[in-house]
Every structure is written in C-alpha cells, then in structure tokens.
Amino acid sequence: MVTTSRILGPDGRPFRVSELAEPQTAQATQLQREFQGHPSRGLTPSRLASILQAAEQGDVIRQYELFEDMEERDTHIFSEMSKRRRAVSGLSWKIAPPTNPSAAEKKSAEQLQEMLEAMDNLEGILFDTTDAIGKGFVCQEIEWERVGNGFQPKSILHRPQSWFQLQRGYEQQIRLRRGGGEGEPLQDYGWITHTHAAKSGYLERAALFRVLVWPYLFKNYAVGDLAEFLEIYGIPMRIGKYPPGASEREKLTLLRALMQIGHNAAGIIPEGMTMDFPAVAEGDPSAFQMMIDWCERSQSKAILGGTLTSQADGKSSTNALGNVHNEVRKELKDSDGKQVATSLTRDLVYPLAQLNGLIPQGDRRRCPRFVFDLAESKDITIYATALPSLVGLGMRISPSWAHTELGIPEAGPDEPVLGAAPESAPGSRVALSRTAVAVASAQPAPKDREDQLVALLAEEVDPVISDWVDQIQTLVDSAQTLEQIRDGLLGLLPGLSTVQFTRAMQHALAIGGAAGMLDALEDSRG
C-alpha cells in the first residue's frame, strides 16, 4: 500500500498523490457546457476540404465533430464500426504476470485481476477505448477514491475528442483544450489515453474516419438525388387549365384541387376548368443505387478489410472468399486487441499497481500486463482424433499448448477435474483407447516388443491368475492321486468370473490391435 504522499509518475518524475483528489476537468465548466456542432449539415466538397485543412493546421474541433456526425448518421458506418469495436470489447482478458515471475509478482497479478473484476463498468470502458479505432485517439478520465490504504477507480468517463487539441513537437502530445493557446497537459494517472492510427503520420491525419469522409459525402449526395428522383417520378405531373376571365378565387380553387389530387387521388374543380396529366420522361434510379453501393463497399473495405463479411451480392460472394475475408477480420481484431491491451496496461494497470504498492516504484518492466485471449478455439473432435496418433508417433506435446489451442482453461490446483469413465463395464471404449495409447506411446523396438506387450497384459491379468495359481498349488499339495487333481481342477474353473474373463480378453485384444498398427506403421516406413 502507498505509505508516502509522493510517488513516481509514468515519466519517472515524482508527483503528489493529493493531486488525484479530483479529476482534472472537475472545474472545466466551459468545456462541460459546450454544445457540439454539426458540420455535416449542408456539407459540400469545398467545405469538407476546408475542415480537413484546418485540422492539419491545429484546429481539430470541426473534424472530430464531423466524425461524430458520420458515425451517428450513416447506418453502414455505424454497423461496420460496431462489428470491429465489439470484436475487441467482447474478448476474454486476464492480468498476466511478467516473464519468469516471482511468487510476489504472481500474487500482485492476482490482486490486480480482482481489482479490475470488481469494477462495475469494465466492459463499457473497453468499448469506449475502442472509439480510437475510428477517430485516432480517445481519452477517458479516471476519478480515484481511497479504499482502505489504497486506491480504486471510482469512475472512468469518456470525454469527447473535441475537448482536446494536438500539440506537435518531438513527440505529438494530446492536451486538454484549456489554460491558454497551447492547452493543458494531461494529469499523471488521471487518464486512459489510447491512440490508434489507421495509417502512419500525425494523429489528425491518421484517423480511419479521414479515409471515410469522402465516401460518406458522395453517398449523401447519391441518397439526396435518389430521394429527389422518387419525389418527382413517384407523383404524376398535373396541369390545370382555367377559362379566360377566371377570378383569383377560382384559380386558387383549381390549384388546391391539383395539390390534393396528388395525395388523395380525388378532388373537385369548378365546371369549365380541366386537369391534364401529361406523360413524363421515364427515369432510371439504378445509377443512384450504384453510387450508394460503391460508397458502402468502400467503407467496408476501409473498416473491415473486405466486403464479403458484410453483405452478399450473389455474384462474387463465395464461401472460400468469405473465409479469406474473415481471416482479414481476425488479423484486424488481433491487432486492435494488442494495441488496446498495451494502453490499458500503461494507463490503468500500472497506476493501480503503483498507487496500491503492488510493484516497486517506477519499475514499469516488471508490471503485470493486461492481456486479451486472442486464441481461436479449434474443433475438439479433430484434436481428440489426432492427438493420440501423434503421441503414438513419439511426439512430445505440452498439455498447456493443447489447452490453449482448444480454448479450455487449465484447472487450478484445488479445482475438481473431469476424469475417464470407469473401466468395469464390458466393452468399455475408454479402456480400449487408454490401453492402445499406452502401447503406442511406449514405442518398443521390434526385438523387445513381445516381452513388453506380455508385461503390459500381465499388469491386468496377473492378479486374477495369481489367485488361481494359488488355489491350484493348494489342490496339488493336498491331492493323493492324479484323479483327485483332475476332479479338483474341474471344480476350480468356475472361480474365474465372467467380468474378470471379459476384462482380460478386452485388454488382450486392445494390445494385439495396437501391436498390429505398429507393425503396419513400420512396414509403411520401410
């Protein structure tokens, strides 16, 4: 636990624990009362270009407000981003100790795991962290509270990107937009700051949404044109004719009738007036739909790396191509997960460990790590069939590797574990497979195989035979003639029960079958 009022910050410099008494933005009333703009209203190519250029020159507010509008108004962007973000936030996680951990480091990792599991909204925090995938960076503010002699996060709140400004220098910094033109540095241990660049470069140009802004704009134009087309061609043209000398009242009556008949399909006009419905030129809305489809395919390619995991067009969509595109999604998920885990280790796990005295001051290298489980679970049936054969070939397979590949967690030292079924029932398939694997894994040389097979069978049969031999020995010692021995042997035969005989034959057949497989394997090698 923390016993001093000063600890080392993430940069190795000491700072006062009392600085964590309240969040950095607790007094930032101007930012809290600030209403976000909506630059997507009336967006044009020239206006969009000016927003992007202003962001490159330091004014990033309108750019990040535009990113918010894009995710809110474009259902396709929202859907694809949700897939990518929830693929990470839904992963299982753990706190892993450092390499070659000591007993104290293992205990620290367990304590940190318990602290994070006790947090109320960790899943929401993980999801908010993935907001940086589209917008380049995200800042979540931590409010700490004392629990006993240590600290625990009371709340972790997402802050809009428009609250911040980007300060260029040897290393680009994210600063709070207050305290003057250069902004205010973020407080140590007060923020989870995650940067997630879609491409190399400065943050204001590296966001994924910078790639999506032009397809978003073109799609808006296409949707607007399609709506206008449907409005024009969905309602027939109507022309009213009034006779010479008609009064203004009569003209208005005719105009109202023209407007009503377009919606109500019925109307009345004064006698002497007429309505015409001239044929209009036929239009084709497929060009607008083609533009919309192109924009959405471009968005899917940028976000998920492909289109076949998003929608099927019935032409190029095949199962093989879908599997390839799904592999691309897996690579993106793994990359996103590793980047998020690195930021959470630096800005959440490390401060927790420092503030609660779980690791030496400033020793970031030996800090436990936040790790996502990125292993894909495999087909258990295939492994159950293949592993015994591979062991039979002499391969040494680590049980921990098998647990990882199959996605089955290893049981703790005090946890109950599943076991094999009892072997007492006749014809037990478990007994056959265990005996066969035991023979296969032994891999004796040909000249020693017969003796080893006999010895393996003797382990099962000897207890029954030895008891039988003892009875025969007693009979021979007490008999006076050969006829007494003959009659006594016939009386001993029922002593071998059906269950005992079945077990002996079961093992003998299993051993014989395994020996035959080994002979066939050696013949194929020869």
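Here is a walk through this predicted model, from the whole chain down to single residues.

Let's start with the big picture. The protein chain has 526 residues, and 35% of them count as buried. Its secondary structure comes to 18 helices and twelve strands. How do parts of the chain that are distant in sequence meet? Take the contacts in the protein chain with a separation of 6 or more: 67% of them come from residues 24 or more positions apart.

Now zoom in on a pair of helices. Two packed helices are described by the angle between their axes and the distance between the axes. Helix α3 covers residues 61-73 and helix α4 covers residues 75-89. Their axes come within 5 Å and cross at roughly 95 degrees. Angles of 65 to 115 degrees count as roughly perpendicular, and α3 and α4 are therefore roughly perpendicular to each other. Who does the touching? On the α3 side you'll find Met70, Glu71 and Arg73, and they meet Thr75, Ile77, Phe78, Met81 and Arg85 of α4. Sorted by class, that contact has four nonpolar, one polar and three charged residues.

Next, let's look for empty space. The largest pocket holds about 790 Å³ of space. Its lining is made of 20 residues, and if you want to find the centre, look for Gln173, Ile174, Leu186, Thr193 and Arg346, which lie nearest to it. Three elements each give two or more residues to this lining: the strands β7 (173-176) and β9 (191-195), plus helix α12 (319-355). The lining is a mix of classes, with eight nonpolar, six polar and six charged residues.

There is also a cavity to find. The structure holds one cavity of 30 Å³ or more, and about 30 Å³ of space lies in the largest cavity. Around the largest cavity sit Leu20, Ala21, Glu22 and Pro23, along with Ile142, Glu143, Trp144 and Gln187. By class, this lining has five nonpolar, one polar and two charged residues.

Now for a couple of backbone oddities. Most residues other than glycine have a negative phi, and most peptide bonds are trans. Asn100 is not a glycine, yet its phi is positive, at about 50 degrees. You'll find Asn100 in the loop between β3 (93-96) and α5 (103-117). Tyr189 isn't a glycine either, and its phi is positive too, at about 60 degrees. Tyr189 sits in the loop between β8 (184-185) and β9. Are these two loop residues buried or exposed? Asn100 has 70% relative accessibility, and the cut-off for exposed is over 50%, so Asn100 counts as exposed. Tyr189 has just 4% relative accessibility, so Tyr189 counts as buried.

Let's finish with one residue and its surroundings. Ala302 is part of helix α11, which runs over residues 286-304. With a relative accessible area of 26%, Ala302 is partly exposed. Which residues does Ala302 touch, if you leave aside its neighbours within four places in sequence? The contacts are with Arg84, Leu208, Val211 and Leu212. You can also check how far the chain travels before coming back: Ala302 and Phe209 are 93 residues apart in sequence, while their C-alpha atoms are 9.2 Å apart in space.

Methods:
Residues are numbered from 1 along each chain as its sequence is written. This is a predicted model: local features need pLDDT of at least 70, side-chain atom pairs count only at pLDDT 80 or more; totals for chains, interfaces and linings use all residues. Side-chain values use heavy atoms; hydrogens and water are left out. Axes are lines fitted to C-alpha atoms, for helices over the stretch in contact, and angles run from 0 to 180 degrees between N-to-C directions. Helices (H or I, at least four residues) and strands (E, at least two) are DSSP runs, numbered from the N terminus. Angles under 35 degrees count as roughly parallel, over 145 as roughly antiparallel, 65 to 115 as roughly perpendicular and the rest as oblique. Contact means heavy atoms within 4.5 Å. Ala, Val, Leu, Ile, Met, Phe, Trp, Tyr, Cys and Pro count as nonpolar, Asp, Glu, Lys and Arg as charged, and the others, Gly among them, as polar. On a 1 Å grid over the protein atoms alone, a cavity is a set of points where a 1.4 Å probe fits but cannot get out, and a pocket is an open set with protein on both sides within 12 Å along at least five of seven lines; lining residues have an atom within 4 Å of a point. Grid points are joined across faces, edges and corners, and a volume is the space filled by probe spheres set on the points. Buried means under 20% relative accessible area, exposed over 50%, partly exposed in between (1.4 Å probe, protein chains only).
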